[in-house]
Amino acid sequence: MKLYLASFIQKRNFGPGRIISITNSGKPQDLNVESIFLPLTPPVELIQKYLKIKEIDLKSAGNFFVEIYQSQLDTFVAQVYKVVNETNQTVEEILPFKEGDTLCSWERKEYTHYRGAVALCLERLGYIVVLN
């Protein structure tokens, strides 16, 4: 199954399916965003702490964010596979994604963003990912 990762701002990178948010920082009013998928969304507290550390040291802030967020993604993957093993279902049966869905955050493709980590997480779960 193919999923797309893109910025809300760059609609040309969207897949043909639904739009699902992976950010807590709102959504554009001109888009029909179906839902927010919290297991792939960095918590507000993580973003706030990252921004505070960033004021002092950008590299430390980045390292902090990556460490905490990667741990969140690793936990999510482990939980999904636990359910797969317990229920004898597939990943696609457990997760709410459909072919062509786009998971969105705000950062443009050209800038630093966490969608790359999400892409690797989804690939570990067997999805084909188009990262923008």
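This passage describes the salt bridges, two helix contacts and three individual residues of a predicted model.

Salt bridges are considered before the helices. Side chains of opposite charge can pair when their charged atoms come close. In this model the count of such salt bridges comes to five. One of them joins the side chains of Asp 30 and Lys 11, with a nitrogen-to-oxygen distance of 2.5 Å. The two partners belong to distant parts of the chain and are 19 residues apart. Asp 30 sits in the loop between β2 (19-21) and β3 (33-36), while Lys 11 sits in the loop between β1 (2-7) and β2. Asp 30 has a relative accessibility of 55% and therefore counts as exposed, the cut-off being over 50%. Lys 11 has a relative accessible area of 41%, so this residue is classed as partly exposed.

Another salt bridge is formed by the side chains of Arg 18 and Glu 34, with 2.6 Å from N to O. This pair also links distant parts of the chain, since Arg 18 lies in the loop between β1 and β2 and Glu 34 lies in strand β3, 16 residues apart. Glu 34 is partly exposed, at a relative accessible area of 45%. Arg 18 and Glu 34 are also linked with Asp 101 in a network of salt bridges.

A further salt bridge, between the side chains of Glu 86 and Lys 82, has an N to O distance of 3.6 Å. Both residues belong to helix α2 (residues 58-87), and because they are four residues apart, about one helical turn separates them. Glu 86 and Lys 82 are both exposed.

Asp 101, a member of the network described above, is found in the loop between α3 and β4 (102-105). Its relative accessibility is 1%, and because buried means under 20%, Asp 101 counts as buried. When neighbours within four places in sequence are left aside, Asp 101 is in contact with Lys 2, Leu 3, Tyr 4, Gly 17, Arg 18, Ile 20 and Pro 96. Arg 18 is thus named both among these contacts and in the salt-bridge network. The C-alpha atom of Asp 101 is separated by 27 Å from that of Glu 67, and these residues are 34 apart along the chain.

The helix contacts involve α2 twice, with α1 and with α4. Helix α1 (residues 44-56) packs against α2 at an angle of about 160°, and the axes are 6 Å apart. Angles over 145 degrees count as roughly antiparallel, so α1 and α2 are placed in that class. The crossing of α1 past α2 is right-handed. On the α1 side, the contact is made by Leu 46, Ile 47, Lys 49, Tyr 50, Ile 53, Lys 54 and Ile 56. On the α2 side, it is made by Leu 58, Ser 60, Ala 61, Gly 62, Phe 64, Phe 65, Ile 68 and Tyr 69. The residues of this contact of α1 with α2 comprise eleven nonpolar, two polar and two charged.

The second contact pairs α2 with helix α4 (residues 115-124), at an angle of about 20° and with axes 10 Å apart. Angles under 35 degrees count as roughly parallel, and α2 is therefore roughly parallel to α4. This crossing is right-handed. From α2, the residues Tyr 69, Gln 70, Leu 73, Asp 74, Phe 76, Val 77 and Tyr 81 take part, and they meet Ala 117, Val 118, Cys 121 and Arg 124 of α4. The residues of the contact of α2 with α4 divide into eight nonpolar, one polar and two charged. Tyr 69 appears in the contact with α1 and also in the contact with α4.

Pro 39 lies in the loop between β3 and α1. With a relative accessible area of 32%, Pro 39 is partly exposed. Residues up to four places away in sequence aside, Pro 39 touches Gln 72, Leu 73 and Phe 76. Leu 73 and Phe 76 are also among the α2 residues that meet α4. Pro 39 and Ile 68 are 29 residues apart in sequence, and their C-alpha atoms are 13 Å apart in space.

The backbone of one loop residue is described last. Most residues other than glycine have a negative phi. Asn 88 is not a glycine, yet has a positive phi of about 60°. Asn 88 lies in the loop between α2 and α3 (91-94). At 72% relative accessibility, Asn 88 counts as exposed.

Conventions. Residues numbered from 1 in each chain as written. Predicted model: local features only at pLDDT ≥ 70, side-chain atom pairs only at ≥ 80, totals over all residues. Heavy atoms only, no water. Salt bridge = Lys/Arg side-chain N within 4 Å of Asp/Glu carboxyl O. Helix = DSSP H or I, 4+ residues; strand = E, 2+ residues; numbered from the N terminus. Buried < 20%, exposed > 50% of the residue type's maximum accessible area, 1.4 Å probe, protein only. Axes fitted to C-alpha atoms, helices over the stretch in contact; angles between N-to-C directions. Parallel < 35°, antiparallel > 145°, perpendicular 65-115°, else oblique. Left-handed = near helix turned anticlockwise from the far one by under 90°. Contact = heavy atoms within 4.5 Å. Nonpolar A, V, L, I, M, F, W, Y, C, P; charged D, E, K, R; others polar.
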